[in-house]
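Let's take a relaxed walk through a protein chain, going from the whole thing down to a couple of single residues. Keep the picture open while you read.

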Amino acid sequence: MYVIAMQPQILVLKEGTDQSQGKPQLVSNINACQLVVDAVRTTLGPRGMDKLIVDHGGKAVISNDGATIMKLLDVVHPAAKTLVDIAKSQDAEVGDGTTSVVILAGELLKRLKPFVEEGVHPRIIVRAVRSAAKLAVDKVKELAVKIESKSPEEQRELLRKCAVTAMSSKLIHQQKDHFSKMVVDAVLSLDAPLLPLDMIGIKKVSGGALEDSFLVAGVAFKKTFSYAGFEMQPKSYTNCKIALLNIELELKAERDNAEVRVNNVEEYQKVVDAEWRILYDKLGALHASGAQVVLSKLPIGDVATQYFADRDMFCAGRVTDEDLRRTQRACGGAVLSSVREIRPESLGSCEAFVERQVGGERYNVFTGCPAAKTCTIILRGGAEQFLEETERSLHDAIMIVRRTIKNDAVVAGGGAIDMELSKHLRDHSKSIAGKEQLLLSAVARAFEAIPRQLCDNAGFDATNLLNKLRQKHHQGEPWYGVDIQKEDIADNFEACVWEPAVVKINAITAACEAAAQILSIDETIKNAKSGEPQMPGRGMGRPRMG
């Protein structure tokens with residue numbers, strides 16, 4: 001009689017853990033990424049559509065900015081989150097090309113999927129993707145045209161063309177000439193070589209037309225809440241001193257912060273007088289310091305407002321932290337938490353201060369700031385969502401202009417550089433043998449996704465235009481791309497459709513890294529969610545309570 005020994009079951013992972021591996025798992029990850037790409041695919045280019053996204057709180061956002069859409073999508077699939085990350089990194093690094101990077105990564109995966117299904121080892125595919133990325137980046141660096149800026153006017157014109165290209169796919173493309181000048185002026189007004197982004201303030205005022213938006217060469221912020229007496233204060237100064245405070249300048253009722261027990265009325269009066277004396281000492285110190293404009297993070301009460309008005313001083317309380325910090329960096333001085341012994345160097349200064357009406361709001365404007373160069377863009381427009389999308393579009397254009405100043409090499413946009421890279425990779429693939437030849441030609445086809453999508457989004461015949469482009473690039477015309485205006489192809493370098501080479505290099509690197517990472521995953525292990533905490537058991541013989 002034989003005894004069959006049962007193999008004991010070994011449990012390494014918690015019960016309920018979801019474990020999927022092998023080829024189906026990899027194909028499933030690629031399919032998940034395709035769905036994410038389909039969500040942003042139609043937003044590419046000048047004729048791209050917008051997306052309306054409603055979050056958990058019911059707030060609606062209308063945008064065609066790839067990074068914004070990716071952030072607002074609640075992507076839960078672990079592999080598809082990689083695409084969200086590359087869109088965010090592209091936005092943080094160069095500010096534009098976020099949709100392109102996601103489409104390129106998705107197209108790479110789509111073109112390489114048949115090889116996975118046929119059993120080609122993922123490592124061979126990853127190696128081909130990495131070598132294709134290196135070839136493409138080297139080609140972009142070789143093709144990039146360094147614009148020799150002979151004069152400031154020529155450099156300004158180059159930057160304006162890059163800003164126009166960045167804005168032509170945005171909601172504000174009708175006003176791109178107006179805004180491109182504004183963006184270039186804003187960036188050139190900053191301190192080189194750092195060009196700090198936080199020294200450009202963007203304020204939104206509902207009402208009016210987009211063309212009413214304007215640039216302030218200094219700090220501007222909305223007038224804060226003010227008490228009676230405010231209207232008696234002067235609203236403009238020249239060469240004024242500014243006191244920046246983190247102090248409350250108002251009388252506090254005793255019940256708010258202390259309990260005072262007194263035996264008679266005289267003692268109570270002494271307490272009240274002491275409070276008034278403390279407040280007047282502070283106000284007197286500020287007046288004696290020579291400051292004409294007083295800004296505070298904390299409230300400035302009605303007594304202080306009237307006191308300043310009587311002495312021809314201007315005050316504003318409850319100024320936001322960001323606005324106060326920018327005023328300090330621009331005008332100099334320090335944010336004071338005490339008014340004892342105010343030194344002259346603790347006060348900021350500016351050439352001109354004025355309060356002006358913008359739409360239904362009043363704005364405090366400081367110009368001619370000596371300490372650091374700063375500027376504020378004040379946007380006008382109808383709906384709130386429209387203004388928010390305008391702000392996002394300007395952010396992209398500002399980032400592009402900053403990048404172009406730092407790396408002044410440009411390439412032609414409109415799918416021209418993508419077609420040239422596709423041709424370069426296809427030519428290179430013919431010079432090598434083995435599986436890598438097929439893989440490189442698949443990657444070459446993936447690069448055609450950008451011009452194809454530009455045609456699809458504009459409603460053109462993509463196959464026809466791509467054939468024309470292939471022919472032109474084969475004839476040695478590297479800058480031919482899609483011309484959206486004429487429904488044809490054109491030399492986009494001549495047409496001044498330029499984008500910084502660094503945008504393209506960053507997009508290729510990020511897309512290929514993401515594709516390589518997703519292709520390297522062969523197993524996904526999802527840990528079981530921890531269940532409800534179990535009730536502690538009753539002791540032996542202990543009766544049930546209740």
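## How the chain connects with itself

Start with who touches whom: of the contacts with a separation of 6 or more, 75% are between residues 24 or more positions apart. Keep in mind that what you're looking at is a predicted model.

If you scroll through the secondary structure, you'll meet 17 helices and 19 strands.

## Overall size and surface

How does the chain stack up against a compact globule of 546 residues? Such a globule would have a radius of gyration near 24 Å, while this chain comes out at 31 Å. Lay the C-alpha trace along its principal axes and you get spans of about 105 × 95 × 35 Å.

Now for inside and outside. Buried residues make up 47% of the 546 in the chain. The accessible surface adds up to about 27,700 Å², and carbon and sulfur atoms own 51% of that.

Charges are worth a look too: there are 70 positive side chains and 72 negative ones. Take the centre of each set, and the two centres sit 4 Å apart.

## Zooming in on Ser296

Ser296 belongs to strand β9, which covers residues 293-296. Is Ser296 buried or exposed? Its relative accessible area is 0%, so Ser296 is buried, given that the cut-off is under 20%.

What does the side chain of Ser296 do in there? A polar atom of this side chain lies 2.8 Å from the backbone oxygen of Ile247. The Ser296 side chain also reaches the backbone nitrogen of Leu298, at 3.1 Å. Setting aside neighbours within four places in sequence, Ser296 is in contact with Leu245, Ile247, Ala316, Gly317, Arg318 and Val319. Notice that Ile247 turns up both in this contact list and as the owner of that backbone oxygen.

## Zooming in on Thr374

Next stop is a loop: Thr374 is found between β13 (361-367) and β14 (375-381). Thr374 has a relative accessibility of 6%, so this residue counts as buried.

Which backbone oxygen lies 2.6 Å from a polar atom of the Thr374 side chain? That oxygen belongs to Met199. Leaving out neighbours within four places in sequence, Thr374 has several contacts, among them Ser189, Leu190, Met199 and Ala217. Gly218, Val219, Arg326 and Ala330 are in contact with Thr374 as well.

Definitions and conventions
Residues numbered from 1 in each chain as written. Predicted model: local features only at pLDDT ≥ 70, side-chain atom pairs only at ≥ 80, totals over all residues. Heavy atoms only, no water. Helix = DSSP H or I, 4+ residues; strand = E, 2+ residues; numbered from the N terminus. Rg over C-alpha atoms; globule rule 2.2 N^0.38 Å. Buried < 20%, exposed > 50% of the residue type's maximum accessible area, 1.4 Å probe, protein only. Contact = heavy atoms within 4.5 Å. Areas by Shrake-Rupley, 256 points an atom, 1.4 Å probe, with all protein chains shown as cover. Lys, Arg positive; Asp, Glu negative; His and termini not counted. Charge placed at Lys NZ, Arg CZ, Asp CG, Glu CD. Polar contact = N/O pair within 3.5 Å; in protein donor to acceptor, adjacent residues only side chain to side chain.
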